[in-house]
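The exercises below are to be worked through with the sequence and the coordinates at hand, and each task is followed by a solution in steps.

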Amino acid sequence: MDPDTEVESIFRQENEEEDEEEKKQCERPPSSYGSMKSESDAMEDEKGSDEEVADAFPPTFPVLLPESTTHEATGLQMIRSESPETLYTMTTQQTKPPGAIVIDTRSSDLGDFSEVDEEDPDEVLVADSPEPPEPVEPDDEIDGNSQPGKLHPEQDLPHLFKSIQNTLTSLNREDLLKFKTWFYQWETKITLKQMNEGDLLDFVDRILETLGQDRALLHTISTLQNVNKKPEADELRNKCRRALVRFHLKQYLIGKHQVIREGIVQAGKQNLLDNIYVQPNISTCGYGGIDPFHELLPHPPSPVQVPSADTFVGVNNLFRLQKEDGKPVRTVLTTGIPGIGMSVSVGKFCLDWAELRANKDLQFVIKLSFRTFMYLRNKKPLSEKMSIMEVIEYFYPDCKDMKFLEEEDCKFLIIMDSLDCYLAPLDWENAPVINDNHTKADPDVLIVNIIRGTVLRGARVWILGRRAAVSEIPSQFIDVVTEIQGFSDEMKDEFLTMRFCNAERAAQIVAHYKRQPTLSMLARQPFVCWMVATVFERCFRYRGYGVHPPRLTPFFVNIMTVQTNRRLQFYYDMPDNDLKWSSDDKQLLTRLGKMAFKMLERNTSVFFEEDVKECSLKLKEVAVYSGMCTELPAAAPDGMKRFCFVHYSLQEFMAALYVFTMFRIESKNVLDSALLQKPKLFTFKDQTKSALGLVQCALGRTLGSPLGHYDMFLRLLCGLLNPDCHGSQLRGCLYPHNAPKVGGLDEVQRLLEQTIQTAEEKNRDRVENLKECLREMTQEDE
C-alpha cells in the first residue's frame with residue numbers, strides 16, 4: 001500500500017469512529033523520541049491548535065500531501081505520550097512542515113496488566129510506531145566544554161534505542177506483558193501507569209529517559225534473563241557489547257576518582273573531586289617544573305626557567321595535540337615535581353571522560369598503572385606469563401573478550417601513571433618485540449612493547465611519572481612531553497576558596513597565607529596548597545589566631561613528613577596505620593640533609609650523582625623516592641645528569657634539619673669547625689654544644705656572608721628550636737617519644753634580641769630576617 005492510500009484509509013476510519021475523547025488525544029503535545037515537532041514550535045502554535053487540527057483533517061478525499069519546502073521529511077508527526085524531552089529527542093526533533101498530517105500512533109493493545117489477549121498469545125508484537133530518525137550531528141561536534149568529538153555509533157543513544165526496541169519487538173504479547181511486570185517490580189522509578197501507557201516505542205522511550213541509557217540497557221538484559229528469555233538477552237548483550245564495556249569502565253573510573261583522598265581519611269568526611277579541583281598549568285615546554293623565585297635571594301642559584309603562558313594546554317586537550325608533521329599524537333608523556341598534582345589530573349581526566357564531559361571520541365579509557373604491573377610482577381611467579389589482553393581482563397573482569405581493541409577504527413586510551421612505582425629495570429633495547437595482543441610475556445616486556453607501539457597498536461598512551469624515572473624512556477617512543485607547572489596566584493586563591501563553604505573563613509585563610517612570602521611560593525604546588533587549607537582551617541578555630549603571620553618551619557616539617565610517609569606507602573607498600581620510620585628511613589633524611597648542607601656551603605642548588613654517592617645515598621632513593629628532589633631536563637655541558645631540590649628553600653630546610661639533628665642526637669655542632677670569626681658581641685664562654693652555641697655559630701655564618709646566603713637557613717634552624725616543632729611534630733618520627741625538649745632557649749632569645757638591636761644600627765638590611773628568626777622560635781600560636 002502506498003503512503004497516500006494508507007493515510008487516506010486511516011482518515012476514513014477516523015471519520016467514522018470519531019468522538020470527543022479522540023479529539024482530546026489529538027491535541028496532546030508532542031514529545032519523546034518519536035516527536036518530529038520541536039517544543040518551541042508547539043508553544044508558538046498553541047493558540048491556533050484548533051485551526052491546525054481542522055486543516056490537518058480535511059473533509060474531502062483523496063488527500064494530497066503538500067511538498068515540504070523546508071525539510072526533507074515525511075510530513076508525519078507522531079503524537080507520543082507526554083514526557084520530558086531527552087537528549088535523543090533534542091537531536092532528532094524537526095519542525096513540522098506546513099500542512100503536515102498528524103497521525104496518532106499510540107497503542108492501547110496491552111491495556112491493564114490483568115487484561116491479556118488469549119486469542120493469539122504467540123503472535124509477534126510489532127511496534128505501531130516507525131523507527132526513530134537518525135540524529136542530525138555536525139561533522140565536528142563541539143560539546144559545552146569546547147571538546148570536539150562524538151560517541152562511537154554503537155555507544156550512542158540511537159543504537160541502544162533501536163537495539164532494545166528490536167529485541168522487545170520479537171516478544172509476543174504474553175512474554176512482553178511478563179517482561180513489563182518484572183521490569184516494573186524491580187524498578188521503582190517506573191510507575192504502573194507509565195508501564196501501561198502507549199505502545200512499545202513509548203515504553204522504550206520512557207525507560208531510557210527515566211533510567212538513562214546505561215541503566216536501562218542493563219535492566220532490560222537482566223529482566224530478559226529473569227523471564228527466561230536468555231537468547232534474547234544474549235542477543236541484546238552482543239549488539240550493545242561496546243556500550244556495556246564502556247559502561248563498566250566508566251563505573252570503575254567514577255568509583256576510583258569521584259571522591260578524592262587527601263591525607264588521613266576521616267570517616268564521614270570526604271571531598272568530591274569536581275567540587276575542589278582547579279586545573280594546574282600544564283606546559284608543552286618543560287624546564288624542570290622548579291619555581292626559581294626566592295623570598296630573600298634576588299637571583300637564586302637556579303638554572304631553571306619559567307615557561308610562557310602560550311605553551312599551556314588543558315588536561316583534556318592533551319590528545320588534541322599534534323606532532324611536528326601535523327599528525328595526531330599517540331604517546332604523551334607528562335611529568336612534574338612531587339606534589340604538583342599528576343595523580344589528581346589523571347583522576348579529573350578519567351572522571352570527565354566517564355561522565356561524558358570531554359574526549360567522547362575515545363571509546364575506552366583503560367587505566368593500567370605501573371603499580372598494577374608491579375603487583376603482577378610480585379604476585380605471579382616469573383614462569384607464569386600473561387598477554388596484554390589477559391592483563392586487562394585480570395583487572396577489569398567485566399571487560400572480557402574486547403576484540404574491538406584490535407579494530408583499526410577503535411580509538412582508545414591506555415593510562416600508565418606512576419612510572420616511578422615500577423621498581424624493576426626496563427630493558428628498552430633488548431626486550432623481545434611482540435606484534436600481537438595475545439602473546440604472553442613478562443610485565444617488563446609488555447610495558448616496553450606498549451610504549452613501543454607494537455602491542456595495542458591502535459591505543460593512545462599517556463605515561464606519567466617523576467622526571468628522574470621517565471627520563472629513562474627513549475625519546476623516539478614519545479611524541480609530546482608535557483610538564484605540570486602547578487598553580488598561578490589566581491589558582492591558589494581559587495583552590496583555597498572552593499574548599500570552604502564559609503566565604504569569610506576562606507577569605508581569612510587566603511589573606512593569612514599570603515603574609516608569609518615563602519609559603520605563598522610553595523603553594524604553587526597543589527600538595528602544599530592543600531596543606532595550607534588543612535592547617536589553617538584547624539588553626540582558625542582557636543580564639544585569637546591570625547594576629548601574627550604564620551610560622552614557616554612547621555610547613556617544611558609537614559612537607560618532609562608527608563613525603564616520607566608517601567614514600568613508604570607507594571614504594572614499599574606499608575599500610576596507612578603502620579607508617580613507622582625505621583632507622584634506615586631516619587638515616588636517609590639525615591644524609592639527604594647533609595648533602596643539602598654541603599650544597600649550601602658551596603652556594604649551589606644543583607647536585608650530581610657523585611654528590612649523592614659521597615653521602616652514601618642511592619640516586620633513585622634521592623631523585624625519585626624521597627619526594628623532595630627532582631631531575632633537571634637539561635644535562636650539564638659534560639653530559640652528566642643534574643638534580644636539585646623541588647625548591648631552594650626546601651634545600652635550606654634540609655640543611656638546617658641536618659645541623660639540628662646532629663646537635664640533638666649526637667650533641668655535635670657541625671657549624672663550629674667552620675666558624676671563621678665570632679662577632680665581638682659574643683662574650684660567652686665556649687658553649688658550642690648548647691643551643692646558644694649552635695645559634696651563635698649560625699649567626700656568625702649569616703652575618704659574615706652576603707645577604708640571603710644563610711638568612712633562610714638561620715630562620716629555619718631557629719624554627720626547629722621551637723618546642724612545637726622538635727617536641728611535637730618531629731617526636732616519634734626522627735626522635736624518640738621520650739626525648740627531652742631542647743633547653744636554654746631563653747638565652748637564645750636574649751641573644752637574638754641583642755643581635756637585632758645591634759643590626760638596627762650597623763646592618764639594617766638584616767633586621768627583618770632576624771625578627772623572623774625570633775618569631776619562628778618563640779611564637780606559640782600553632
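**Exercise 1.** Determine how helices α31 and α32 are oriented relative to each other, and describe the contact between them.

*Solution.* The structure is a predicted model, and the first step is to locate the two elements: α31 covers residues 745-762 and α32 covers residues 767-778. Their axes come within 9 Å and cross at roughly 165 degrees. Because angles over 145 degrees count as roughly antiparallel, α31 and α32 are roughly antiparallel to each other. The handedness is the next step, and the crossing of α31 past α32 is left-handed. On the side of α31 the contact involves L745, V748, Q749, L752, E753, T755, I756, A759 and E760, while α32 contributes V767, L770, K771, C773, L774, M777 and T778. Sorted by character, the residues of this contact comprise 10 nonpolar, 3 polar and 3 charged.

**Exercise 2.** Carry out the corresponding analysis for helices α15 and α16.

*Solution.* Helix α15 spans residues 370-379 and helix α16 spans residues 388-395, and their axes come within 12 Å, crossing at roughly 100 degrees. Since the range from 65 to 115 degrees counts as roughly perpendicular, that is the description that applies to α15 and α16. The contact is formed by T372, F373, Y375, L376 and K379 from α15, together with I388, V391, Y394 and F395 from α16. These residues divide into 7 nonpolar, 1 polar and 1 charged.

**Exercise 3.** Decide whether K348 is buried or exposed, and whether D746 is buried or exposed; then place each residue in its surroundings.

*Solution.* K348 lies in helix α14, which runs over residues 342-354. Its relative accessibility is 12%, so K348 counts as buried, the cut-off being under 20%. Beyond its neighbours within four places in sequence, K348 is in contact with L273, D274, Y277 and R357. D746, in turn, belongs to helix α31, and with a relative accessible area of 54% D746 is exposed, given that exposed means over 50%. Although D746 and T778 are 32 residues apart along the chain, their C-alpha atoms are separated by 9.5 Å.

**Exercise 4.** Summarise the chain as a whole: how many helices and strands are there, and what percentage of its residues is buried?

*Solution.* Counting the elements gives 32 helices and 12 strands, and of the 782 residues 53% are buried. Of the contacts between residues at least 6 apart in sequence, 76% join residues at least 24 apart. Finally, the chain exposes about 36,900 Å², of which carbon and sulfur atoms supply 49%.

Key. Residues are numbered from 1 along each chain as its sequence is written. This is a predicted model: local features need pLDDT of at least 70, side-chain atom pairs count only at pLDDT 80 or more; totals for chains, interfaces and linings use all residues. Side-chain values use heavy atoms; hydrogens and water are left out. Helices (H or I, at least four residues) and strands (E, at least two) are DSSP runs, numbered from the N terminus. Buried means under 20% relative accessible area, exposed over 50%, partly exposed in between (1.4 Å probe, protein chains only). Contact means heavy atoms within 4.5 Å. Accessible areas come from the Shrake-Rupley method with a 1.4 Å probe; for residues, only the protein chains shown count as cover. Axes are lines fitted to C-alpha atoms, for helices over the stretch in contact, and angles run from 0 to 180 degrees between N-to-C directions. Angles under 35 degrees count as roughly parallel, over 145 as roughly antiparallel, 65 to 115 as roughly perpendicular and the rest as oblique. A crossing is left-handed if the near helix is turned anticlockwise from the far one by less than a right angle, and right-handed if clockwise. Ala, Val, Leu, Ile, Met, Phe, Trp, Tyr, Cys and Pro count as nonpolar, Asp, Glu, Lys and Arg as charged, and the others, Gly among them, as polar.
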